[in-house]
Amino acid sequence: MNPFLTSKVKERSGGRIVYLGFCAFMELIIIMAIINLLIDENWGAALLALLFVLGFARPIVREIIKEKDFKNAKAIASYLNGIPSESIKMAQINQKIPINDPVKQIDRLLKKEYLMNIHLDWEKDLVVLLALGSSNRYVEISCPNCGAKTVILQGRVKNCEYCGGTLLGKKSE
Ligand SMILES: [Zn+2]
């Protein structure tokens, strides 16, 4: 499980697909009815049928937006999960994640509760990755390569600020 994705982001259920298929099918039927009503010059009934078209279009449009949000949330979360530090510059994120305006998307997806454990620091232009779950916290470790002391989130990996060696956020000894 990716620590930045909420449980709201999951694969679409089979029941949902059936429901959307039904909506699409109804759209087709009603549009064909509208064509007939227009041929008959039955304007009032055609207008009424048009309202039904809009009604059935709503869940379809909503699902398309949701699907796109899920895709973006997964792309962002998977990128952030591979970052070896607790924060990343916003400018860097804008280059690395292949979606339109990722930082703005992160802000949006956090508000929608599709993403979590991320804090946007607008003053420092940083995307800060927060503690992963309640058991995770910062621990002090020594670099196995150069011996420098540093803090790291438990369970995460980052590079030593001094020698560039790989540091693992193991439980404190
Ligand atoms: Zn080091």
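Good morning. Helix α1 passes helix α2 in a left-handed crossing. I begin with that pair of helices, and I should say at once that the model under discussion is a predicted one.

Helix α1 covers residues 14–39, and its axis lies 9 Å from that of α2, at an angle of about 160°. The angle is over 145°, so α1 is roughly antiparallel to α2. Who takes part in this packing? From α1 come L20, C23, A24, M26, E27, I30, I31, A33, I34, L37 and L38. Facing them in α2 are A45, A46, A49, L50, F52, V53, F56, A57, P59, I60 and E63. By character, the residues of this contact divide into 20 nonpolar and two charged, with no polar residue among them.

Let us stay with α2 and turn to its second partner. Helix α2 runs over residues 43–81, and helix α4 over residues 102–111. Their axes come within 10 Å and cross at roughly 110°. Because that angle falls in the range of 65 to 115 degrees, α2 counts as roughly perpendicular to α4. Here, too, the crossing is left-handed. On the α2 side, the residues in contact are D69, N72, A73 and I76; on the α4 side, they are P102, Q105, I106 and L109. This contact is made up of five nonpolar residues, two polar ones and one charged one.

Several of these names return in the next topic, the nonpolar core. The largest such core has 14 residues. Those that touch the most other members are L5, A73, I76, A77, L109 and L115. Which elements supply at least two residues each? They are α2, α4 and the strand β3, at 126–129. The largest share, four residues, comes from α2. A closer look at A77 is useful here: leaving out residues up to four places away in sequence, A77 touches N2, F4, L5 and L115.

One further residue of α2 deserves mention, namely K66. Is K66 buried or partly exposed? K66 has 16 other C-beta atoms within 10 Å, which means that it is partly exposed. In sequence K66 stands 57 residues from V9, yet their C-alpha atoms are 9.2 Å apart in space.

I now move to the loops, and to two residues whose backbone invites attention. As a general matter, most residues other than glycine have a negative phi. E113 has a positive phi, near 65°, and is not a glycine. E113 sits in the loop that links α4 to β2, the strand at 118–121. With 11 other C-beta atoms within 10 Å, E113 is exposed.

The second case is D125, where phi is again positive, at about 55°, in a residue that is not a glycine. Where does D125 lie? Its place is the loop between β2 and β3. D125 has 13 other C-beta atoms within 10 Å and is therefore partly exposed.

My last residue is N145, in the loop between β4, at 138–142, and β5, at 149–153. N145 counts as partly exposed because it has 13 C-beta neighbours inside 10 Å. Which residues does N145 contact, once its neighbours within four places in sequence are set aside? The contacts are C160, C163 and G165. For C160, which is 15 residues from N145 along the chain, the distance between the two C-alpha atoms is 8.7 Å.

To close, I return to helix α2. In this predicted model, α2 is roughly antiparallel to α1 and roughly perpendicular to α4, and α2 gives four residues, the largest share, to the largest nonpolar core. Thank you for your attention.

Methods:
Residues numbered from 1 in each chain as written. Predicted model: local features only at pLDDT ≥ 70, side-chain atom pairs only at ≥ 80, totals over all residues. Axes fitted to C-alpha atoms, helices over the stretch in contact; angles between N-to-C directions. Parallel < 35°, antiparallel > 145°, perpendicular 65-115°, else oblique. Left-handed = near helix turned anticlockwise from the far one by under 90°. Contact = placed C-beta atoms within 7 Å. Nonpolar A, V, L, I, M, F, W, Y, C, P; charged D, E, K, R; others polar. Core = buried A, V, L, I, M, F, W, Y, C linked by C-beta atoms within 7 Å. Buried ≥ 20, exposed ≤ 12 C-beta atoms within 10 Å, placed from the backbone.
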